[in-house]
Amino acid sequence: ASGMEFQISHCKFTNGSVPSMTITGENALLVDTDFTIAQLGASANTHSGARIYRCSRTGNSGGMQPWLAITGDDIVIDGCYVCNAYIGINAMNSNRVIITNNYFHTVNNGIMVSGDVSGYNILNNMILDYIGYGIFTQSQSCQYINVIGNYVAMEDVNIVPSGYPMAIA
């Protein structure tokens with residue numbers, strides 16, 4: 001989908017290992033939609049303005065791709081439920097991003113932030129049963145990253161992940 005001010009709501013995409021949708025353009029709104037893999041694409045330092053509210057991933061396919069890969073600026077991801085994903089959210093080269101009130105269960109990595117990023121608020125997310133990292137920022141170009149009120153844990157305390165609950169670089 002591409003264009004200005006468009007909305008996708010109350011849909012279910014059931015494909016396997018390719019993105020269900022690639023969203024470009026400005027001010028997209030994605031609400032109450034279940035998908036396996038999606039990409040929000042805009043170049044860094046350009047306005048995207050995408051809003052992702054109450055979306056989910058309930059399928060088991062997608063391989064090693066993230067549930068949601070984002071680039072661009074001024075993005076909000078709020079109230080989503082993601083289960084059985086390699087990576088929940090993979091955010092790269094983006095600015096002014098809010099990732100809040102999301103639930104990630106059985107993921108390799110919950111939230112990954114990399115590249116040239118600035119102005120992130122990662123707030124009040126729950127990440128359970130991760131293999132690698134719950135929340136991970138991996139860049140020497142990260143600025144102004146707020147990570148507050150998140151809960152990252154293993155349901156079975158006898159399972160030890162290979163990474164850490166949070167690794168903020």
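This passage looks at the salt bridges, the nonpolar core and one buried alanine of a predicted model. Local features need pLDDT of at least 70 and side-chain atom pairs count only at pLDDT 80 or more, while totals for chains, interfaces and linings use all residues. Residues are numbered from 1 along each chain as its sequence is written, and side-chain values use heavy atoms, with hydrogens and water left out.

The whole structure holds 4 salt bridges (a side-chain nitrogen of Lys or Arg within 4 Å of a carboxyl oxygen of Asp or Glu). Among them, a network links Asp-73, Asp-74 and Arg-96. The closest N and O atoms are 2.7 Å apart for Asp-74 and Arg-96, and 3.8 Å apart for Arg-96 and Asp-73. Asp-73 is buried at 1% relative accessible area, whereas Arg-96 is partly exposed at 46% (buried means under 20%, exposed over 50%, partly exposed in between, with a 1.4 Å probe and protein chains only).

Turning to the core, the largest nonpolar one has 37 residues, of which Trp-67, Leu-68, Ile-70, Ile-77 and Tyr-120 touch the most other members. Such a core is a set of buried Ala, Val, Leu, Ile, Met, Phe, Trp, Tyr and Cys residues joined through side-chain atoms within 4.5 Å.

Ala-50 is likewise a buried residue, with a relative accessible area of 2%. Not counting residues up to four places away in sequence, Ala-50 touches Ala-28, Leu-40, Asp-74, Ile-75 and Val-76, contact meaning heavy atoms within 4.5 Å.
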